[in-house]
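Welcome, and thanks for taking a look at this one with me. Here are a few notes to read with the model open.

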Amino acid sequence: MNINQPGSSGSVLNEGEAPAAALDDAVVRARVDALLAQMTVEEKAGQITQYFDFLTSQDEAKRVEAEVAAGRAGSLLFVTDPEDINRLQRIAVEQTRLGIPLLFGFDIIHGFHTVMPVPIAMAASWDPELVEQGQAVAAAEARAIGLHWAFAPMVDIARDPRWGRLIESAGEDPYLGAAMAAAQVRGFQGGYIGSPDRVIAGPKHFAGYGAALGGRDYDEVNLSDSELWNVYLPPFKAAIDAGAGNVMTAYMGLNGIPATGNRWLLTTVLRDMLGFDGFVVTDAGAAADLTTHGVAADLTEAGVRALQAGVDMEMAPPFGQSAYRRLPEALADGRITMAELDASVRRVLAAKIRMGLFEQPYVDIARARAVLSDPKHRTVARRAAERSAVLLRNDDNLLPLDAKALRSVAVIGPFADATRDSSGPWIFAQDDQETVTVLAGIKAALGDQVQVAYSPGVSVPARQFRSIFESPEHKQAPRIEVDDEAEIARAAELARGAEVAILVLGEAQIMIGENASRSSLDLPGRQQQLLDAVLATGTPTVVLLMSARPLDLKGSAPQAQMTIWYPGTQGGTAIANLLFGHVSPGGKLPFNWPRNIGQLPLPYARLKSHQPHKAEQRYWNEPNSPLYPFGFGLSYSSFAFDGLSFDRAEIAPGEALQVSVEVCNTGKCTADEVVQLYIHQRYGSAARPVRELKGFQRVTLEPGERRTVQFTLGPQQLRYWNAAARDWVQDESPFDVFVGSDSTAPLTASFAVRRAAPEV
């Protein structure tokens, strides 16, 4: 599939399915008008209020249920038991005056029952069709148990790996991020809101959340006009163009204005300029937080500011007070108008009508069980884990391992047999029986003929500051605790007696994600000592990194190193397939991997500055180049590129040209390569990055097979936001094109954009 245009269509999970047509806009408007005419002000305010319902807290659950029964709640989140969903829905449908059903939302980030690799891993697959299939599985499982809305995808650009929510992103690049955003929306939502077995997609966090100072979650963001439009907004635009029905606001202040109270951002940019016509929801408690930011004096003013900025629904803070609960008094005081209130209520009601909730509000529990146990879902999860792993080192072709020749293997590390950690964060109802760990996958692949010894190696340290998810409302993962000195010695002895050592190192799932920023990229705890002790034995060693950040191994050099991310419920099977050569790794990094944390942020798409030929010498003590560049990833095969050409040497602004390149598998096994196209505009009305990704295609080639890959470069790829003109521009300029297997691609050719000479 040629992914030259972010947002291009791909396959869905259930091909051949014939969904009903989308509801006619006029029909939806008429139904909404009829409901609005009957609603009281309190019922309207309730429809645009969403409550957490932590059923573990009985007092809070009773309070929320009372709001539902009074018609003062439009949506609930964190309810995932279909029996509870049906019970609460019956209260709304059968006991309230108008019987308007509830909209149930949840953080369906990378799977529900069947857990896919985390989003940054899926981006590393560079395979939007696969990403779409993965989120279609998640949507089918979520919809089957009664959920209607995913608080995903997260489409924030993330250029500082200290930020824990890098794990939910597609990395540092806006073009790759846009392709992944569109694919996830299509997977979640299907062709339209209300597609069978799909849920409403909710791209987040609008906007700029990934650029928090120092990578510190929730901290302020200051972005230039150029960065905002050229880097941080394109994935949102792609998600909106793919039909996303919801957008979530960000917590932080953008250039001094809290995003949730920023009318320019939520109305002028989001609706007027990007064309979004769905409903906007706050992040948890973000409307009430306008008081914390110091832009609202109290909850009533916070509700007024959020509503008038363009927020349609408040995700009320858990165990706290709702700002939108105060809207009736704000209306009575003349601080908002009925038209402003109705506009938001209208969008929420329209979403419920399009989802078919008035016709089918309840869960078919028998069908839900069948959907959750569908074996096709595991196949998608396994394939996703295989295609997302990134091989970073493979000295002397240690990998793939020859399973037939092996007699002994030492599997070592705190995450080798960590069921919960294998799935990563944002999984709140883990099914341990469903999850295959790396150790289990290796044992299953090798059978009884190979001795597999195991040691956890070291303890997993606790966080200095507790996570927001370390609470009674969330199931806690067990933390490995051992005598580190004794276990490191035992692990080294196991490695010494084995033909190969496989270390699974990284970060526990509680160490990354929301509220999990980190001031270091070192291996947590004493994992570095464990690694060095095993390497000192001289046994050939494979390091598998279970993390979503680039981690610093302090110069330690195992023969083979692969980033497996958090691979999901079928991760162990997938990793075994990669280790033993049943599959060749083909994933590519979605970010630059720094040598040192002091380089951050280190985007590949940097601007030229004074003495650009010395850009890698900015620090006197070590190179400023990345350890591994954006787009990098090794294979068990090898590939060659040649024949880069254009269908014409010059185009006028607004025209497009075709780019062709030949790629050949020069190795001995069938494998995937990601053909990547980058451009550089030599000059114009603004400085442009040294390289920008503008096309990619993942291809599978047999040994010796040659294929022509084509891309289109037109105004969508060649224009940019000019901060001086405050508009999109396309300059006349020569353009350099680079094609290869990562962002350092050496194969290059040039074309020009020129206006036709005036006739004389």
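The points below go through one helix, some aromatic rings and two arginines.

1. Please keep in mind that this is a predicted model. Everything that follows describes that prediction.

2. A good place to begin is helix 9, which covers residues 234-241. Its buried residues are Pro235, Phe236, Ala238, Ala239 and Ile240. What covers them? Among the elements doing so are helix 7 (174-189), helix 8 (225-232) and helix 10 (263-273).

3. Just have a look at what comes after helix 9, too: Gly243 follows, and its phi is positive, near 105°.

4. Next, the aromatic rings. How many aromatic pairs does a search of the whole structure find? The number is 31. One of them joins Trp426 and Phe428 in an edge-to-face arrangement, with 90° between the planes and 5.9 Å centre to centre. Trp426 and Phe428 are both buried.

5. Compare that with Phe591 and Trp593: their ring planes are at 45° and the centres 6.3 Å apart, so this pair is tilted. Pairs count as tilted when the angle is neither under 30 degrees nor over 60. Phe591 and Trp593 are buried as well.

6. Trp426 and Phe428 also belong to one aromatic cluster, together with Phe52, Phe54, Phe78, Phe106, Phe112, Phe319 and Phe469. It is worth selecting these residues together on your screen.

7. Finally, two arginines to find. Arg90 lies over the face of Tyr362, 4.8 Å from the ring centre. Arg688 lies over the face of Tyr720, at 4.1 Å from the centre of that ring.

Note on methods. Residues numbered from 1 in each chain as written. Predicted model: local features only at pLDDT ≥ 70, side-chain atom pairs only at ≥ 80, totals over all residues. Heavy atoms only, no water. Buried < 20%, exposed > 50% of the residue type's maximum accessible area, 1.4 Å probe, protein only. Helix = DSSP H or I, 4+ residues; strand = E, 2+ residues; numbered from the N terminus. Contact = heavy atoms within 4.5 Å. Phe/Tyr/Trp six-rings, centres within 6.5 Å; stacked < 30°, edge-to-face > 60°. Lys NZ or Arg CZ within 6 Å of the ring centre and 35° of its normal.
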